[in-house]
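Trainee: I'd like to practise reading a structure, and I want to know where each label comes from. Can we go through one together?

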Amino acid sequence: MTTSQTSQDQQNRSSCARDGSWADAFHDDYHKGCDPKFTWLREAARHVIRLEVQGFEKKHLRVQANMISKLVIVTGEQPVEDGTPVKFKKTFKLEDDRYKMDEIRAKLRHGCLDIILPLKEPRLLSNSPAGETKWVVLGSVVIAVVAIVLGAFLVCRCYII
């Protein structure tokens with residue numbers, strides 16, 4: 001790659017911001033283009049990956065969900081007047097089986113591409129660690145009470161016989 005190509009690629013990448021907070025959840029392949037900024041929204045019944053794809057039309061975007069490898073691949077190719085299209089490819093790795101892979105949908109609105117990932121089992125509590133801790137503590141307390149009652153029953157039964 002020549003120095004001019006390298007600086008041009010850096011310019012293209014810097015023109016599209018990147019949110020690196022989910023760096024382990026995706027992999028990018030650059031093709032003379034930009035790296036669209038994205039956010040990962042967590043809701044009770046679904047997750048939404050929102051990509052900023054200003055200037056791209058629906059016909060220039062493609063979303064693929066691979067059920068076997070648990071990947072969501074988003075590609076875009078925007079033709080431009082000088083003949084060199086702007087391209088990008090983003091691959092999101094879904095780390096577990098909590099998504100309904102056959103029901104993944106995408107919507108393009110106002111320069112944002114929303115990829116909707118429905119959950120198999122909606123969350124009852126908030127996604128916060130405190131909410132998960134409540135269920136763990138409650139389960140532990142129930143198990144402890146059952147063990148105490150069962151132990152007391154067995155001890156009393158042994159003395160009666």
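Mentor: Sure. Keep in mind that this is a predicted model. Let's begin at one spot: H47 has its place in strand β3.

Trainee: Why is H47 called buried?

Mentor: Set the value against the cut-off. Buried means under 20% relative accessible area. H47 has a relative accessible area of 2%, so it counts as buried.

Trainee: What does H47 touch?

Mentor: Leaving out residues up to four places away in sequence, its contacts are W40, L41, R42, R98, Y99, I115, I116, L117 and L119.

Trainee: What makes the link between the side chains of H47 and Y99 a polar contact?

Mentor: The distance is part of it: a polar contact needs a pair of N or O atoms within 3.5 Å, one able to donate a hydrogen and the other to accept it. The side chains of H47 and Y99 are joined at 2.9 Å, so the distance fits the cut-off.

Trainee: On to the strands. How do you know that β2 and β3 pair?

Mentor: Count the bridges. Pairing takes at least two bridges between two strands. β2 and β3, the latter covering residues 46-52, have five and run antiparallel, so they count as paired. One of the partnerships has T39 matched with R50 in β3.

Trainee: Which strand does β3 join through seven bridges?

Mentor: That's β8, and those two run antiparallel. Our friend H47 turns up again here, standing opposite L117 in β8.

Trainee: And what about β7 and β8, how many bridges do they have?

Mentor: Five, again in the antiparallel sense. In that pairing R105 stands opposite I116 in β8. The hairpin of β7 and β8 has two residues between the strands, and H110 takes a positive phi near 50 degrees there.

Trainee: What order do the strands take in this open sheet?

Mentor: The four strands go β2-β3-β8-β7, with antiparallel pairing.

Trainee: Why are β2 and β7 said to stand at the edges?

Mentor: β2 (38-42) and β7 (105-109) each have a single partner strand, so one side of each is left without a neighbour in the sheet. As for the twist, it averages 20 degrees from one strand to the next.

Trainee: What makes β8 largely enclosed?

Mentor: Six of the seven residues in β8 (residues 112-118) are buried, so the rest of the structure largely encloses this strand. L117 is a good example from β8. With 0% relative accessibility against a cut-off of under 20%, L117 counts as buried.

Trainee: What does L117 touch?

Mentor: Beyond residues up to four places away in sequence, L117 touches W40, R46, H47, I49, V72, L94, Y99 and I104. Take I49: L117 and I49 are 68 residues apart in sequence, but 7.9 Å apart in space, C-alpha to C-alpha.

Trainee: Which residues touch the most other members in the largest nonpolar core?

Mentor: That core has 19 residues, and the ones touching the most other members are I49, L51, V72, V74, F92, I115 and L117. Two or more residues come from each of β2, β3, β5 (71-78), β6 (86-93) and β8. β8 gives the most, with three residues. In soluble globular proteins, nonpolar side chains tend to be buried together.

Trainee: Here's a test for me: is R98 buried, partly exposed or exposed?

Mentor: Its place is in the loop between β6 and β7. The relative accessible area of R98 is 26%, and buried means under 20% while exposed means over 50%, so R98 is partly exposed. Outside its neighbours within four places in sequence, R98 is in contact with R42, H47, P118, L119 and K120.

Trainee: Last one, for the whole chain: how many helices and strands are there?

Mentor: Two helices and eight strands. From the N terminus on, the elements run α-β-β-β-β-β-β-β-β-α. Of the 161 residues, 28% count as buried. The accessible surface comes to about 11,100 Å², with 58% of that belonging to carbon and sulfur atoms.

Terms used:
Residues numbered from 1 in each chain as written. Predicted model: local features only at pLDDT ≥ 70, side-chain atom pairs only at ≥ 80, totals over all residues. Heavy atoms only, no water. Axes fitted to C-alpha atoms, helices over the stretch in contact; angles between N-to-C directions. Buried < 20%, exposed > 50% of the residue type's maximum accessible area, 1.4 Å probe, protein only. Contact = heavy atoms within 4.5 Å. Areas by Shrake-Rupley, 256 points an atom, 1.4 Å probe, with all protein chains shown as cover. Core = buried A, V, L, I, M, F, W, Y, C linked by side-chain atoms within 4.5 Å.
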